[in-house]
Amino acid sequence: MDGLTLNVNAVRSKRSTYVQDTVTTLYNWDGNPVVLHTDYMIENGLPPMTMKSPNGAQQGLPSITQVDRTITNVRSNLGYMILPGHRVSLNHKLEKTDRDDTNLLRPINKDLLILTGVTKNILSANYEAQTFNNKLKTNILIKYTANSTQQTNPNPTYNADGSYTLNPETKTPLATTLGMVPRFHTISCRICF
């Protein structure tokens with residue numbers, strides 16, 4: 001069909017991050033240890049003290065964390081040129097992130113973790129016009145978003161012998177169940193000389 005265009009861009013990536021926070025010495029942003037050397041210490045001939053974390057690591061309790069993410073991002077645009085200088089478009093964007101965190105220093109049974117998945121859908125439509133020999137450019141856009149966060153709690157029931165039975169419960173926030181909710185509207189106009 002003449003004047004009709006379709007563009008689709010899809011990317012799926014897997015990212016893995018390893019963070020080790022087990023050093024008790026506190027450091028400045030410049031990479032040097034934080035040193036305590038007061039006037040009292042100097043007057044009494046005491047050596048400077050390297051500061052230690054009260055919790056056992058830089059950011060709190062010691063941890064060795066492996067973070068695995070699967071990220072899906074899909075963008076599509078369907079456009080139609082009605083007449084020269086007049087175009088309508090329908091756009092869709094899908095973002096989905098699954099994240100799996102594991103504390104390698106204190107591993108626990110993965111069956112007992114609360115899982116969270118985040119999905120964002122954005123649907124938009126716009127009308128573009130270029131009139132008066134391209135001196136007036138107008139764009140009218142309406143955009144709707146639907147965000148979904150699903151949280152699955154395993155709800156274990158423990159038996160006397162130490163075994164457990166999983167009773168998974170999935171919660172979906174109210175905003176997700178309402179469907180498409182308008183988040184943004186815009187009308188722009190630009191005059192070119």
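Let's start with one pair of residues: the bridge partner of Ser76 is His92, which sits in strand β5. That pair belongs to a longer run, since 18 bridges join β4 to β5, and the two strands are antiparallel. Before going on, please keep in mind that everything here comes from a predicted model.

Staying with this hairpin for a moment, two residues lie between β4 and β5, and Gly85 has a positive phi near 90° there. Now move along β4, which covers residues 63–83, to Thr65. Is Thr65 buried or exposed? Thr65 counts as buried, because its relative accessibility is 18% and the cut-off for buried is under 20%. What does Thr65 touch, leaving aside residues up to four places away in sequence? The list has Thr17, Tyr18 and Val19, and also Thr102 and Asn103. You can place some of these yourselves: β1 spans residues 4–21, and β5 spans residues 86–103.

Let me step back to the whole chain. There are eleven strands and two helices. If you walk from the N terminus, the order is β-β-α-β-β-β-β-β-β-β-β-α-β. Of the 193 residues, 17% count as buried. As for contacts with a separation of 6 or more, 65% of them are between residues 24 or more positions apart.

Next, the loop between β6 and β7, which has a nice pair of backbone angles. β6 covers 115–131 and β7 covers 136–153, with Phe132 in the loop between them. Asn133 is in that loop too. Phe132 is not a glycine, yet its phi is positive, at about 55°. Asn133, also not a glycine, has a positive phi of about 55° as well. For background, most residues other than glycine have a negative phi. How accessible are these two? Phe132 counts as exposed because its relative accessibility is 64%. Asn133 is exposed too, with a relative accessible area of 76%. In both cases the cut-off to have in mind is over 50%.

Further along, have a look at Glu169, in the short run of residues 169–171 that makes up β10. Glu169 has a relative accessibility of 35%, so it counts as partly exposed. Which distance is worth noting for Glu169 and Asn155? Their C-alpha atoms are separated by 6.9 Å, although the residues are 14 apart along the chain.

On to the pockets. The largest one holds about 180 Å³ of space. Its lining is made up of Tyr27, Asn28 and Trp29, together with Gln58 and Gln59. By type, that lining has three polar residues, two nonpolar ones and no charged ones.

Finally, a word on confidence, so we know where to look with care. The average pLDDT over the chain is 81, and 83% of the residues score at least 70. Which element scores highest, and which lowest? Strand β1 has the highest mean pLDDT of the elements, at 94, while helix α2, residues 174–177, has the lowest, at 46. For residues 176–185 the pLDDT is below 50, and this stretch has 21 contacts in the model beyond near neighbours in sequence. Where pLDDT is low, the predicted coordinates should not be read in detail. With that, I'm happy to go back to any of these spots on the screen.

How values were computed: Residues numbered from 1 in each chain as written. Predicted model: local features only at pLDDT ≥ 70, side-chain atom pairs only at ≥ 80, totals over all residues. Heavy atoms only, no water. pLDDT = per-residue confidence, 0-100. Helix = DSSP H or I, 4+ residues; strand = E, 2+ residues; numbered from the N terminus. Contact = heavy atoms within 4.5 Å. 1 Å grid on protein atoms, 1.4 Å probe; cavity = no way out; pocket = protein on both sides within 12 Å on 5 of 7 lines; lining within 4 Å. Points joined across faces, edges and corners; volume = space filled by probe spheres on them. Nonpolar A, V, L, I, M, F, W, Y, C, P; charged D, E, K, R; others polar. Buried < 20%, exposed > 50% of the residue type's maximum accessible area, 1.4 Å probe, protein only. Pairing = 2+ DSSP bridges.
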